[in-house]
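Hi,

Here is the structure I promised to pass on to you. Have a look at it first, and my notes on what turned up follow right below.

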Amino acid sequence: MATRAQRLAEKVLGQVGRVVYGLEEEAKALLAAVLADGHVLLEGVPGVAKTSLAKAVATALGLGFKRVQFTPDLLPSDIIGTMVYDQKTGEFRLRRGPVFTNVLLADEINRAPPRTQSALLEAMQERQVTIEGETLPLPRPFIVIATQNPIELEGTFPLPEAQLDRFMAKITIEPPGRGILRRILREAATIAQWPVETVATQEEVLQAQKEVWTVEVKDPVLDYMLDIVEATHRHPDIELGASPRAALMLQHLARAHAAIEGRAYTLPDDVKKAARHALPHRLKLTTEAEASGKKPEQVVEEILRQVPVPVP
């Protein structure tokens, strides 16, 4: 019997596939993070459909969507809002910023200065913002989807580890192959018309998020997660391994993957899928490993190959 999350995923992914080609697994990973109520970092060179993917998922889910282009002159008040003086009434009134939405796309987040980046921390962690001493709750669900370009680094401000850790998942978007690119060119007119339909409601998303919490993690799978986390502390190429928060994110993201597949329990395969997106951006490699050109994603794959998978 299909779960609420599975039915929702089938409808949403079907709509996303109408405008974003060749990114089925990335779209599923993004949706899993949304259903796990986690923030997502999309990394890829310009023009690989990062923004289109985020917008398509938000549109199909029926969620409010706002996009902010991060620039070096962006101020915290441009994100969260501020108090402005109303000359007609002679009083100050609240002008809410774009953070008051369900899905906030922070485009090229590493182009904004640290002060503005940090303005998102309270919103991402507490789902609230403080303006002139007044604490205001954000709409639920509230998801930040940030993008960054890994190649063009001039004039950027790399995200510190503390802020990277706020993202449940990091998803890398690779350029399409020849076959997918051919399809994009053939269907360009259709894509331009944006044929994505809203197939869910905000309430359905919240219900699916609650369902994810009910997915069972049995002891063998839980021990498998712990083995993976502990392996990040023993690997010779890792200077700083996964934190307890990383373990929590790994577990909940695995739950979301299981729910999308229509199961009320997790499998090791769910943990593997989750680990590929929940761990790499939280690991700090040794200087020697970085000098040799090794990437955290490669180290995570090594760990997944080395850690024994529990037998059913």
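Let me start with Thr59, which sits in helix α3 (residues 50-61). Please keep in mind that this is a predicted model. Thr59 touches Trp194, Val196, Glu197 and Thr198, leaving aside residues up to four places away in sequence. Thr59 and Val12 are 47 residues apart along the chain, and their C-alpha atoms are 8.9 Å apart in space.

Val12 brings us to the helix pair α1 and α2, since Val12 is one of the α1 residues in that contact. Helix α1 covers residues 4-16 and helix α2 residues 24-35; they pack at about 135°, with 11 Å between their axes. Angles of 65 to 115 degrees count as roughly perpendicular and those over 145 as roughly antiparallel, so α1 is oblique to α2. The crossing of α1 past α2 is right-handed. On the α1 side the contact is made by Ala5, Leu8, Ala9, Val12, Leu13 and Val16, and on the α2 side by Ala27, Lys28, Leu31 and Leu35. Sorted by class, that gives nine nonpolar residues, one charged and no polar.

Helix α1 has a second partner you may want to look at, helix α9 (residues 202-213). Here the packing angle is about 130° and the axes are 9 Å apart, so this pair is oblique as well. This time α1 passes in a left-handed crossing. Arg4, Ala5 and Leu8 of α1 meet Glu204, Val205, Gln207, Ala208 and Glu211 of α9. The classes in this contact are four nonpolar, one polar and three charged. Ala5 and Leu8 take part in the contact with α2 and also in the one with α9.

Now for the sheet. It is open, with five parallel strands in the order β2-β5-β8-β1-β9. The edges are β2 (65-69) and β9 (167-172), each of which pairs on one side only. On average, neighbouring strands are turned by 20° against each other, direction ignored. Strand β1 (residues 39-43) runs parallel to β9, and five bridges join the two. Within this pairing, Leu41 stands opposite Lys170 of β9.

Finally, what links the helices to the sheet? Helix α2 lies across β1, β8 (143-148) and β9, and runs at about 170° to β9. Helix α2 thus has α1 as a packing partner and lies across strands of the sheet too.

Happy to talk any of this through once you have had a look.

Best wishes

Definitions and conventions: Residues are numbered from 1 along each chain as its sequence is written. This is a predicted model: local features need pLDDT of at least 70, side-chain atom pairs count only at pLDDT 80 or more; totals for chains, interfaces and linings use all residues. Side-chain values use heavy atoms; hydrogens and water are left out. Axes are lines fitted to C-alpha atoms, for helices over the stretch in contact, and angles run from 0 to 180 degrees between N-to-C directions. Helices (H or I, at least four residues) and strands (E, at least two) are DSSP runs, numbered from the N terminus. Angles under 35 degrees count as roughly parallel, over 145 as roughly antiparallel, 65 to 115 as roughly perpendicular and the rest as oblique. A crossing is left-handed if the near helix is turned anticlockwise from the far one by less than a right angle, and right-handed if clockwise. Contact means heavy atoms within 4.5 Å. Ala, Val, Leu, Ile, Met, Phe, Trp, Tyr, Cys and Pro count as nonpolar, Asp, Glu, Lys and Arg as charged, and the others, Gly among them, as polar. Two strands pair if DSSP finds at least two bridges between them.
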